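Visitor: Could you take me through one part of this model up close? I'd like to hear about the cysteines, and then how the neighbouring pieces of the chain meet.

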Amino acid sequence: MAVDRDSLVREYFDRGYDYEEIITTLRQVHSKIISLRQLHRVLRNQNLYRRKYGCDTRDAISFVQRQLRSSGSSLGYRLMHQRCLQAGYRTTRENIRIMLKLLDPIGVEERSRKVLKRRQYWSYGPNWVWHIDGYDKLKPYGFPIHGAIDGFSRRIMWLEVTSSNKEPEIICSFFLKCIKTISGTPRKIVGDRGTENVHVAASQRFLRRNDQDNNSGEASFKYGKSVTNQRIESWWAMLRRTCTNWWINYFRDLIENDLFDTSNNVHCECTG
């Protein structure tokens, strides 16, 4: 069912998108063209203002404290700000930065020391190249994950917890569902040489067989080592820092207290 433009504007506003991001997302994802002036008018008609309506600071602090006691304990101020907005707590990014500095000074210091200068990544535009890979850090506890990310926009094309992230039929179903949703395929897909990618590679090459660009046909799927699949490996590292590391420690605590047995299929199936 088609969603009207004003509802989409409100959705992305509530997610914390800035004005340019809202305009770009409407154009590229929903084929809806809107100018900055029109956007301001739509927001005004819905009484949506970034600064005029903020939540009570005490409520935001309580929310941040709850996040710091759970899987949000590794979040930086930008991601914590996004999480606040998604939960309905409208506040500024600067306020969140100050809150984290006061509530979690050790975490802020640890994150600031881990800033590395990485080699530059380059992509020509949206859907130019997708990076796909499986994530196995939670697999011992019953949560195999598979994902795909657009190299240019870093949009998550799919992120699925599945019964297996090594079955080619399952991985291909994610790919086919995604391209059906966006009504198109990427120019190129990059994935490792695992057997789980064979159906995706065959499907991508078939769908791009009649195109005439340099990445058509056989060149539309590129095999490479998992560690060189830079964009999605970087996203997995971010996921580990901001979310899954807390859950890994949680499951390890359960194991150490004899409350969880990874060799017990019943335990793994119940968690998954």
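**Cysteines and a domain boundary**

Guide: Let's start with C172: its sulfur lies 12 Å from the closest cysteine sulfur, the one in C178, and that is too far for a bond. Keep in mind that this is a predicted model. A disulfide, after all, is a covalent bond between the sulfur atoms of two cysteines. The rule used here wants the two sulfur atoms within 2.5 Å, so at 12 Å C172 and C178 don't make a pair. Over the model, the count comes to zero disulfides. As for surroundings, C172 is buried, at a relative accessible area of 8%. C84 is buried too, and its relative accessible area is 0%.

Now for the pieces of the chain. There are three domains: domain 1 runs over 5-46, domain 2 over 57-113 and domain 3 over 129-265. Going by C-alpha atoms, the centres of domain 1 and domain 2 sit 26 Å apart. Where these two meet, four residues of domain 1 are in contact with four of domain 2. The size of an interface is often given as the accessible area lost when the parts come together. For domain 1 and domain 2 that comes to about 360 Å², with 38% of it on carbon and sulfur atoms. On the domain 1 side, the residues touching domain 2 split into one nonpolar, one polar and two charged. Even with those two charged residues, the rule finds zero salt bridges across this interface. Polar contacts between domain 1 and domain 2 also come to zero residue pairs, counting pairs with both residues at pLDDT 80 or more.

Key. Residues numbered from 1 in each chain as written. Predicted model: local features only at pLDDT ≥ 70, side-chain atom pairs only at ≥ 80, totals over all residues. Heavy atoms only, no water. Domains from an automatic or database assignment. Contact = heavy atoms within 4.5 Å. Buried area = accessible area lost by both parts, 1.4 Å probe. Salt bridge = Lys/Arg side-chain N within 4 Å of Asp/Glu carboxyl O. Polar contact = N/O pair within 3.5 Å; in protein donor to acceptor, adjacent residues only side chain to side chain. Nonpolar A, V, L, I, M, F, W, Y, C, P; charged D, E, K, R; others polar. Buried < 20%, exposed > 50% of the residue type's maximum accessible area, 1.4 Å probe, protein only.
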